[in-house]
Amino acid sequence: MAGEVEIKKGLRDVYIDRTRSSFIDGDTGKLLYRGYSIHDLAERSTFEETVYLLLHEKLPTQKELDDFDAQLRASRYLPDEVVQVIRLLHNAHPMDGLRTAGSALSAFDPEVKDNSPEATLRKGIRLTAQAPTIVAAHASIRERRDPIEPNASLNHAANFLYMLFGHEPHQDEARIIEKDFILHAEHGINASAFAARITASTIADLHAAIVSGISALKGPAHGGAAEAVMKMTIDIGSEDKAEEYVRQTLESKGRIMGFGHRVYRAEDPRARHLRNECMALGEKRGHPEWFRILSRVEKAMQPHRSRGIYVNVDFWAGAIYYLLGIPADLFISIFAMGRIPGWTLQAMEQYSDNVLIRPLLYYDGPMDLEYVPISQRG
């Protein structure tokens, strides 16, 4: 019977729907948000403008952007009850804190049951604004400090760093995190987006869909690469040991983290922007060794490009977060903060022309077994 169906493990190369959100050409390394090049958005846009583009399918006018930015800034605050939930989770992994607090927010959102496009958009804006407050509050509480209130005078990225560290960040540092958020904002039907769409397809609320995305992202096969890359870099220790580390790891059937991608067979187009930022930040912070180690690892992996194995966006991200002084277990949460607009968009598309996502499993077990009462089982 096994030959009667074609099994698509991991749903590879299976299209589940049409989308207008993002376009990925894995063979050439091309990524577009709503038709716009990720290179233009990373270098010329802001996170607020990019989120507006994703959610509204057009670039904003100045007034539209100002109004949208004001919405985001006004939505950063958390109900006191949600802060209490975060306090109860002070020993939890930051992603668990984000997941649980994000779920708790649904109890305080007046539009939680409204899945109309307008309400879903508003809820997505609120969740995008509140996620950094959750992550920063959890980081403070687990260090036995009171959470720092959002600063309405700062943009989305700068405000996150302010709440995390307690002082206004340098403009260049805020811009690095902003660029990181832009690069992570949307990426098609990856595992977490698929989880969000499956939940949305049941006509569950947006908070449930976003929590599904957060849950899927937590897994190391999806969102954990940046942390793993930085751990690898620290283990290597110096650039002269990089090539030997790569050789020994591959010979022992290990994996060099930050290389390869389920979609890309060329360099991840997002990687180049973080490569440049990693080099500049390392020099500024007096730690150029991390960039040098990673560069040597990348060079040692060049022979594998013929098999489509290139660096991905997470290869440089971990070093950037580390150089900024961000704890390693927060790395996935930063990815999640940037991706909430994309999950919102994916849920909105699912709601707009919904069919319950219900694939099949091919049964390959025994058939028609006779039930034996427990008293007769040897």
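Contact here means heavy atoms within 4.5 Å. The structure is a predicted model.

## Helix α9 and its surroundings

By that criterion, the elements covering the buried residues of α9 include α10 and α16 (331-352). Helix α9 spans residues 191-201 and is mostly covered, with nine of its 11 residues buried. The buried residues are S192, A193, F194, A195, A196, R197, T199, A200 and S201. After α9 comes I203, which has a positive phi near 65°.

## The α5 and α10 pair

Helix α10 (residues 206-218) also meets α5, and the two axes come within 9 Å and cross at roughly 175°. Angles over 145 degrees count as roughly antiparallel, and α5 and α10 are therefore roughly antiparallel to each other. On the α5 side, the contact is made by M95, D96, L98, R99, G102, S103 and L105; on the α10 side, by H207, V211, I214, S215, L217 and K218. Sorted by class, this contact has six nonpolar, four polar and three charged residues.

## Helix α4

Helix α4 covers residues 80-88, and its buried residues are V82, V83 and I86. Viewed down the axis of α4, these buried residues fall within an arc of 105°, so they line one face of the helix. An α-helix has 3.6 residues a turn, so residues three or four places apart point the same way. The exposed residues D80 and L88 are carried on the face of α4 turned away from the buried side. Among the elements that cover the buried residues of α4 are α5 (94-105) and α6 (117-142).

## The three-stranded sheet

Three strands make an open sheet in the order β1-β2-β3, with antiparallel pairing. Strands of a sheet pair through backbone hydrogen bonds, either parallel or antiparallel. At the edges are β1 and β3 (36-37), each of which pairs on one side only.

Strand β1 is joined to β2 (residues 30-33) by four bridges, and the two run antiparallel. F23 has L32 in β2 as its bridge partner, and D25 stands opposite K30 in β2. These two strands form a hairpin with four residues between them, and G29 in the turn has a positive phi of about 75°.

Strands β2 and β3 are joined by two bridges and also run antiparallel. Here the bridge partner of Y33 is Y36 in β3. The hairpin of β2 and β3 has two residues between the strands, and R34 in its turn has a positive phi of about 50°.

## Positive phi values

Most residues other than glycine have a negative phi, and most peptide bonds are trans. The table gathers residues with a positive phi, with their places in the chain.

| Residue | Phi | Place |
|---|---|---|
| L11 | near 55° | segment before β1 (22-25) |
| G29 | about 75° | turn of the β1 and β2 hairpin |
| R34 | about 50° | turn of the β2 and β3 hairpin |
| R144 | about 60° | loop between α6 and α7 (156-165) |
| I203 | near 65° | after α9 |

Are L11 and R144 buried, partly exposed or exposed? L11 is partly exposed, with a relative accessible area of 33%. R144 counts as exposed, at 80% relative accessibility.

## A buried histidine and an exposed methionine

H156 belongs to helix α7. Buried means under 20% relative accessible area, and H156 has a relative accessible area of 3%, so H156 is buried. Which residues is H156 in contact with, leaving aside its neighbours within four places in sequence? They are F47, E48, R76, T128, A129, P132 and F181.

M367 is in the segment after α16. Exposed means over 50% relative accessible area, so M367, at 54% relative accessibility, counts as exposed. The C-alpha atom of M367 is separated by 55 Å from that of Y322, and the two residues are 45 residues apart along the chain.

Note on methods
Residues numbered from 1 in each chain as written. Predicted model: local features only at pLDDT ≥ 70, side-chain atom pairs only at ≥ 80, totals over all residues. Heavy atoms only, no water. Buried < 20%, exposed > 50% of the residue type's maximum accessible area, 1.4 Å probe, protein only. Arc of directions from axis to C-beta. Pairing = 2+ DSSP bridges. Axes fitted to C-alpha atoms, helices over the stretch in contact; angles between N-to-C directions. Parallel < 35°, antiparallel > 145°, perpendicular 65-115°, else oblique. Nonpolar A, V, L, I, M, F, W, Y, C, P; charged D, E, K, R; others polar.
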